[in-house]
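The following exercises concern a structure shown below. Please work through each task before reading its solution.

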Amino acid sequence: MTVRIRSALAAVMVLAVAVTAGVLLFLDRVGKHLTLRLPNSRACVVDSGGSGEILLDADQMANAATVAAVGLSRQVPQRAITVALATVWQESKLRNLSGGDRDSIGLFQQRPSQGWGTPAQISDPRYASRTFYDELLKVDGWETMRVTDAAQAVQRSAHPEAYEKWADRAEGLAKALTGDAAGAVACTVTGEPVKRGPTATDALAAELRLDWGNRTNPVTAGDLPGLALPVTESRAGWQYAHWLVAYARDLGVKRVRFTDREWTAKGGSWSKITADPSDGARVLAEVYGSP
């Protein structure tokens, strides 16, 4: 009986070795041609330049885009946008929270009891961003302060050094959202679009005006469902293009095109295209058509 057991165990070991060798040979021969797809909760990738890639989900990306757009519409320096992004990263992880410590609310965790506004106002990311910039620009010398010191001068946190750990990422994100680089914000959109056709176009126009104010003047995109945003220089074009990609999931954006680059919701990345003569003077945002 003992001999039989030993023989069986030996056979199992030989089989295991053979299977392992076969798997390794398979991977060596064909594995390099396969693409492994894993679940991805980080829908957006931001190329921050020297700081590497920043991974955010769709909600975080849209909130960051709004913080930047409100700053750009008010013509604040890029440094102010960096400080604002570092602040919301620390206070809310770029999420519009309904509550927090004591009566804190929203992206910046501002408190109605401290004079920041009503709960409804503070819950609006545009209002919260505007009031943050208003207070930051009142601080003498904020431009030359460390990010954490400038943020603390506004927030008056119990942890004044906490903002500094987000400084590099906030700077990289600010550079991307203010148009320093082409195709620096890429988001992958899965599932059916939330909005389509005229509904999507109207919602897109409304959100653009909320974030950008009178700075933007969207027009119809010819025969395509969507909008075209006239621009006079490349930096402004990439500001709009990155904002559109950041809001693609919520607003049914199917394709964004500027100069010789195109982003698609299906592909989730920017690719080179043959540029049309008008592509440098407008940012094209195509939405999903009606079903």
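**Exercise 1: Helix H2**

Determine whether the end-to-end distance of helix H2 (residues 58-73) agrees with its expected span. Helices are DSSP runs of H or I with at least four residues, numbered from the N terminus. The expected span is 1.5 Å times one less than the number of residues. For the 16 residues of H2 this gives 22 Å, and the end C-alpha atoms are 22 Å apart, which agrees.

The model is predicted: local features need pLDDT of at least 70, side-chain atom pairs count only at pLDDT 80 or more, and totals for chains, interfaces and linings use all residues. Residues are numbered from 1 along each chain as its sequence is written, and side-chain values use heavy atoms, leaving out hydrogens and water.

Next, assess the enclosure of H2. Buried means under 20% relative accessible area, exposed over 50%, and partly exposed in between (1.4 Å probe, protein chains only). Since 14 of the 16 residues of H2 are buried, the helix is largely enclosed by the rest of the structure.

**Exercise 2: Salt bridges**

Characterise the pair Glu161 and Arg146. A salt bridge places a side-chain nitrogen of Lys or Arg within 4 Å of a carboxyl oxygen of Asp or Glu. The Glu161 and Arg146 side chains satisfy this at 2.7 Å, N to O. Glu161 lies in the loop between helix H6 (147-155) and helix H7 (167-177), and Arg146 in the loop between helix H5 (125-136) and H6, so the pair ties together parts that are 15 residues apart in sequence. Glu161 is partly exposed at 46% relative accessible area, and Arg146 is partly exposed at 36%.

How values were computed: Helix = DSSP H or I, 4+ residues; strand = E, 2+ residues; numbered from the N terminus.
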